[in-house]
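Colleague: Could you take me through one part of this model in close detail, starting from a single residue and working outward? I'd be glad of a connected account rather than a list.

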Amino acid sequence: SAVRNRVARAWLANADTTAARTLPDWVVAGVTQLITGFPSGGARNAQLATQLGDIIPLDSLIRMRIPEAAVPIGMGAESAPGSGQRTDSRGRTVSTTPRRLPPDMLASLQAASLVEFMWAREGRGIIKQLVERTRRGEPLSAVIAQTVSLPHDVPGLEAAWKASLKPPPKK
């Protein structure tokens, strides 16, 4: 719900009151979705896989403004951005063709997918490092340069992350 998103964003924004800077939008969007659990990683990556040609390069994503309104809210598949599902009048799930998302919503999903990818490979400590170090103004490249299980440069991270996005199965 919108309340969960606001609580997650407030917690994230206030996690370190000694920091001189605010967090980059992509970190806020990505970590907010991880905290709220919405949309699911599978739904998020399925949507991104339908728009592989529209994926925003990481060098652009990490500098992009992602408005709060672009961060998904909701509790069900039918409210997921670009969802390929809806519920009919009888309560049955009906599959539809996923819609193309505008750039800010796509960026929000990408941010969450990337953060989740980093967590899955490096462990939850990477989220703490990402939040603390980007808040201090350090670039993503500095954060990943010291990781164990992630590529040590942004182009390598981008390539590995993109390879993890699998197109939806053909019907």
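**A close look at helix 5 and its surroundings**

Modeller: Happy to. Let's start with Gln110, which sits in helix 5. Please keep in mind that this is a predicted model. With a relative accessibility of 0%, Gln110 falls under the 20% cut-off and therefore counts as buried. Setting aside neighbours within four places in sequence, Gln110 is in contact with Leu48, Ile55, Ile56, Leu61 and Trp161. Of these partners, Leu48 belongs to helix 3, which spans 41-50, and Trp161 is one of the helix 8 residues that meet helix 5.

That last partner leads us to the packing of helix 5 on helix 8. Helix 8 covers residues 154-164, and the axes of the two helices come within 10 Å and cross at roughly 100 degrees. An angle of that kind lies in the 65 to 115 range, so helix 5 is roughly perpendicular to helix 8. On the helix 5 side, the residues involved are Gln110, Ser113, Leu114, Phe117, Met118 and Arg121, and they meet Leu157, Ala160, Trp161 and Ser164 in helix 8. Sorted by class, this contact has six nonpolar, three polar and one charged residues. As background, residues three or four places apart in an α-helix point the same way, because there are 3.6 residues a turn.

Still in helix 8, Glu158 deserves a moment. Glu158 has a relative accessible area of 15%, under the 20% cut-off, so it is buried. Its C-alpha atom is separated by 8.5 Å from that of Leu114, although the two residues are 44 apart along the chain. Apart from neighbours within four places in sequence, Glu158 is in contact with Ile56, Pro57 and Leu58. Ile56 is also among the partners of Gln110, which gives a link back to our starting residue.

Now let's turn to the other partner of helix 5. Helix 5 runs over residues 103-122 and helix 6 over residues 125-135. Their axes come within 8 Å and cross at roughly 130 degrees. That angle falls outside the parallel, antiparallel and perpendicular ranges, so helix 5 is oblique to helix 6. Here Val115, Met118, Trp119 and Glu122 in helix 5 meet Ile126, Ile127 and Leu130 in helix 6. The residues of this contact divide into six nonpolar, no polar and one charged. Met118 takes part here and also in the contact with helix 8.

Within helix 6, the buried residues are Ile126, Ile127, Leu130, Val131, Arg133, Thr134 and Arg135. Ile127 makes a good focus in this helix. Its relative accessible area is 12%, which places Ile127 under the 20% cut-off, so it is buried. Ile127 and Val115 are 12 residues apart in sequence, and their C-alpha atoms are 7.5 Å apart in space. Not counting residues up to four places away in sequence, Ile127 touches Val31, Leu34, Val115 and Trp119. Beyond the end of helix 6 comes Gly137, with a positive phi near 95 degrees.

Two of those partners, Val31 and Leu34, are buried residues of helix 2, so let's follow the trail there. Helix 2 takes in residues 25-36 and reaches 16 Å from its first C-alpha to its last, close to the 16 Å expected at 1.5 Å a residue. Helix 2 is mostly covered, with 10 of its 12 residues buried. Besides Val31 and Leu34, the buried set includes Trp26, Val27, Val28, Ala29 and Gly30.

The backbone just past helix 2 is worth a look too. Gly37 takes a positive phi of about 75 degrees. A little further on, the peptide bond from Phe38 to Pro39 is cis, with omega near -15 degrees. Pro39 lies in the loop between helix 2 and helix 3. For comparison, most residues other than glycine have a negative phi, and most peptide bonds are trans.

Finally, the wider setting. The protein chain has eight helices and two strands, arranged along the sequence as α-α-α-α-β-β-α-α-α-α. Of its 171 residues, 40% are buried. Among contacts between residues at least 6 apart in sequence, 71% join residues at least 24 apart. The chain exposes about 9,100 Å², and carbon and sulfur atoms supply 54% of that area.

Terms used
Residues numbered from 1 in each chain as written. Predicted model: local features only at pLDDT ≥ 70, side-chain atom pairs only at ≥ 80, totals over all residues. Heavy atoms only, no water. Helix = DSSP H or I, 4+ residues; strand = E, 2+ residues; numbered from the N terminus. Expected span 1.5 Å × (residues − 1). Buried < 20%, exposed > 50% of the residue type's maximum accessible area, 1.4 Å probe, protein only. Axes fitted to C-alpha atoms, helices over the stretch in contact; angles between N-to-C directions. Parallel < 35°, antiparallel > 145°, perpendicular 65-115°, else oblique. Contact = heavy atoms within 4.5 Å. Nonpolar A, V, L, I, M, F, W, Y, C, P; charged D, E, K, R; others polar. Areas by Shrake-Rupley, 256 points an atom, 1.4 Å probe, with all protein chains shown as cover.
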